[in-house]
Amino acid sequence: MIVLLNGAGIVADDAGTPVFDPGAEPQMLQTTGAGEGPAWHPELGLLTSGDGHIMRRSIDGERTVWIEGAGSNGLLFDRQGRLVICEPVGRRVSRIESDGTRTVLAETFEGMRFNQPNDVTIDSKGRIYFSDPKYGDRQTMELVDAEGHKVEGVYRIDSDGSVSRVITHEVDRPNGLIVTPDDRYLFVADNNNNTIGGARKLWRFELQEDGTVKPDSQTLIHDWGATRGPDGMKLDSLGRLYVAAGLNRQNPPYETQHKPTAGIYVFSPEGKLLEFAPIPRDECTNCAFGGDDLRTLYVTAGGTLWSIRTAVPGYVLWPTDDE
């Protein structure tokens, strides 16, 4: 069962491990430059997508522009310490190599340009999965299915550079996503936040050995209903899922919640809601584990950056304990 540990609402999962440190509260670290895509580097510090650039917050808190005019969103360091970048402005996925050069990993699918590559995750075989929604003006969309219907999908980049579509119309508008360390599940945030009645749901799909989604495996984990849906997400070392979602102010006619909902929602590996950490800023967009012990959860929200201490380390691809 879920056990309340103190008046702050800290809870423990079935194994008795708390989610956050007792008494932990979100702390604001900066007021600008952190719109999306937090990614931790043990030497560089924290990288975020903000103000059109990739911003760097050093270990000692100094803020600089790391890549000017990047037009980025989701950021993730792969197992070799290379930065994989979703570029919604450039409509592509790229990677910064160890020598600082940039490699374009995916720019088109079946001859059609992507919409707005949004977020990225990598499985144990090094295959890259990314979401490709379209927010705002839809006149520039090129991707369509065999019947001519517009596609906002999820794609996989294999080690040979080939690109496959793994989700076509199973979700409304894919945003954040993550693969579990055992490659068993792919979680996808379905966030159609500018359509009345659009999806605001978190889905789980089973992955097959070849990196495709198992048919009929789609499982609803959580529905945010009338508020803003889920965005970026991360896993901790116990397999618990930390999801940035929600909205504090109303945004009629699309988001009409009656109370503030922006923050980090923590789910058990089985999909049970364990904890909610409110963030008093709109919009809550993403999160990432960092710090020397990987127990600092960084949260991006409306350009601001927050942190909160967790009870266990986060799960990261790099660096590992043996590096």
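A hairpin with 3 residues in its loop links β4 to β5. Before going further, note that this is a predicted model, so to speak of local features a pLDDT of at least 70 is needed, side-chain atom pairs count only at pLDDT 80 or more, and totals for chains, interfaces and linings use all residues. Residues are numbered from 1 along each chain as its sequence is written, and side-chain values use heavy atoms, with hydrogens and water left out.

**Around β5**

Strands here are DSSP runs of E with at least two residues, helices are runs of H or I with at least four, and numbering goes from the N terminus. Two strands count as paired if DSSP finds at least two bridges between them. β4 (residues 36-41) runs antiparallel to β5, with 4 bridges, and H41 has G45 of β5 as its bridge partner. On to the next neighbour: β5 also pairs with β6 (residues 53-57), again in the antiparallel sense, over 5 bridges. There, L47 is bridged to R56 in β6. The β5-β6 hairpin has 2 residues between its strands, and D51 in that hairpin has a positive phi near 60 degrees.

How covered is β5 (residues 45-50)? Mostly: 6 of its 6 residues are buried. Buried means under 20% relative accessible area, exposed means over 50%, and partly exposed is in between, using a 1.4 Å probe and protein chains only.

**The whole chain**

Zooming out, the protein chain has 28 strands and 0 helices. Its radius of gyration is 18 Å, which agrees with the value near 20 Å for a compact globule of 323 residues; that radius is taken over C-alpha atoms, and the rule is 2.2 Å times the number of residues to the power 0.38. The C-alpha trace spans about 55 × 45 × 40 Å along its principal axes. Of the 323 residues, 55% count as buried.

As for contacts (heavy atoms within 4.5 Å), residues 24 or more positions apart make up 45% of those with a separation of 6 or more.

**Two residues and their surroundings**

V151 sits in the loop between β15 (128-132) and β16 (153-157), and it is buried because its relative accessible area is 0%. Not counting residues up to four places away in sequence, V151 touches N115, M141, L143, V144, D145, R165, T168 and H169. D292 is another story: V151 and D292 are 141 residues apart in sequence and 41 Å apart in space, C-alpha to C-alpha.

R92 belongs to strand β10 (residues 92-96). Its contacts, leaving aside neighbours within four places in sequence, include I85, C86, R102 and P117. From R92 to N115 the C-alpha distance is 8.5 Å, with their positions 23 residues apart in sequence.

**Backbone oddities**

Most residues other than glycine have a negative phi, and most peptide bonds are trans. Here are two cis bonds from this model:

| Cis peptide bond | Omega |
|---|---|
| P252 to P253 | near 5 degrees |
| W318 to P319 | about -5 degrees |

P253 lies in the loop between β23 (241-245) and β24 (263-267), while P319 is in the segment after β28 (303-309).

Then there are two aspartates with positive phi. D183 has phi near 65 degrees and sits in the loop between β18 (174-179) and β19 (185-191). D216 also has phi near 65 degrees, in the loop between β20 (200-206) and β21 (219-223). Which of the two labels, buried or exposed, goes to D216? Exposed, because its relative accessibility is 83%. D183, at 10%, counts as buried.
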